[in-house]
Amino acid sequence: RNTHCNTHCNTLNIACTIPQEQGDIECPYHGWSFDGETGACTSIPQSSTPEKVSKDKRACGTALHTALEQGIIWVWAEPIYPGQKAPDPELIPICPAFATEGVTTEDISVDIPYDYTLLLENVMDISHVPFTHHGTQGKRNFARPINYKVKEALKNSGFLVESAMEQPPALTTDSTDKTAAVTVRPPSETFFRAPCYQHTKIQLKGLSLWIVTYAVPTIPGQCRLLARFPVAGLPKVAAKMRLLKPTFLRHMMRNQVLEDDNIFLHAQERELAIQLGGHLHTATPLDGEPLKEAIKPGAWASAYYLATNADTPVVLWRRWLDRTAPLPWAPGTPVAKYFDLTSEKERLLDRRKSHLNHCLSCQKAERMLKVVKVVVAAVAA
């Protein structure tokens, strides 16, 4: 089916639906059934006149168009009406890497303690990698000027830039820094596709390395990151070996890199909100205080000092937001709370809350670890 029935238990008002074998959706609490294409109630086992009761709008769910693309479920957040055309599937931002034969990928989802607008700015700004991620993903001595060229000009659907960078110096005979000998090629392109997709593609002698970001707004000041790391062009043996490491270990590494950014950007976002009087591009207040006035498009330029060509993707991203923001948050949407970094710093690094609670692979690994601990303790006793 290409639709999703967003039903709630009419007694408890909680989401609790499972698919039936015949294709309808059934609530496991009272057994009510719904047509997944329209949301119409098709069965109420407790009623002696189900045909009459099921026609009541209060008994029906809301059907939404859905699509499955490259392992991601997309939902068009507008109810389906009779005679309504399905949304254009070309609007779904897909990653070209997955059209390549033999591509392998690592995927992870993480809840991020800053706004989706800042997340996308962060992943486009590769200049921070040698410093923020020194020791996890970068090295300070690899920092070089980056020169971008705009290949696809800014428009409502997004933009594309290509980059060139000076190479790190070659290893000298008296150097003790072995990392300096590594040849690091620059990201060849940075691409943004509205409304939430970004990739950085690195080309290395027949290998294509991708860092793919889907930034999903959750509330102002928080978002969920769906990150993918496809590699195309690996020999078959190397492709298999890449995925030999258990998923939970790969997730641990990815979380460590992401956590490098959490404290910096959480604090930066709060400082930016203080300067501008509210969340940039979201039309929401800071810490619950009412907005004195709407934040005008382009206000970010007064708070940012973007001095080099390396800032080109950030400038284009903020200009795109100027065209399209603010986000249409529903009335009553909560605003993220900012943490005191002197006493609540650890809350920004709470991996259980940000990842483990919704990652089945890591939950399975945790359960196995608990079993191993019990067995070791029993043997030791």
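Does R228 count as buried or exposed, and at what relative accessibility? The points below take up this residue, then other salt bridges and one set of paired strands.

1. In this predicted model, R228 has a relative accessibility of 10% and therefore counts as buried, the limit for that class being under 20%. The side chain of R228 forms a salt bridge with D107, and their closest N and O atoms are 3.0 Å apart. The partner D107 has a relative accessibility of 34% and counts as partly exposed.

2. The R228 and D107 pair joins distant parts of the chain, with the two positions 121 residues apart in numbering. R228 belongs to strand β14 (residues 222-228), while D107 belongs to strand β8 (residues 107-112).

3. The salt bridges come to a count of 10. A network of salt bridges links E106, R242 and R254.

4. A further salt bridge connects E344 with R347, where the closest N and O atoms lie 3.1 Å apart. E344 is buried at a relative accessible area of 17%, whereas R347 is partly exposed at 43%.

5. E366 and R352 also meet through their side chains in a salt bridge, with an N to O distance of 2.4 Å. Because E366 lies in helix α9 (residues 360-380) and R352 in helix α8 (residues 351-354), the pair ties together parts that are 14 residues apart in sequence. Both residues count as partly exposed: E366 has a relative accessibility of 22%, and R352 has one of 44%.

6. Turning to the strands, β12 (residues 197-204) is largely enclosed by the rest of the structure, because six of its eight residues are buried.

7. Strand β12 pairs with strand β11 (residues 189-193) in the antiparallel sense, over five bridges. Within this pairing, H199 of β12 stands opposite F191. The two strands, β11 and β12, form a hairpin with three residues between them.

8. Strand β12 is also joined to strand β13 (residues 207-219), by eight bridges, and these strands run antiparallel. One bridge partnership is that of Q198 with T213 in β13. The hairpin of β12 and β13 has two residues between the strands, and K205 in this hairpin takes a positive phi near 45 degrees.

Note on methods: Residues are numbered from 1 along each chain as its sequence is written. This is a predicted model: local features need pLDDT of at least 70, side-chain atom pairs count only at pLDDT 80 or more; totals for chains, interfaces and linings use all residues. Side-chain values use heavy atoms; hydrogens and water are left out. A salt bridge is a side-chain nitrogen of Lys or Arg within 4 Å of a carboxyl oxygen of Asp or Glu. Helices (H or I, at least four residues) and strands (E, at least two) are DSSP runs, numbered from the N terminus. Buried means under 20% relative accessible area, exposed over 50%, partly exposed in between (1.4 Å probe, protein chains only). Two strands pair if DSSP finds at least two bridges between them.
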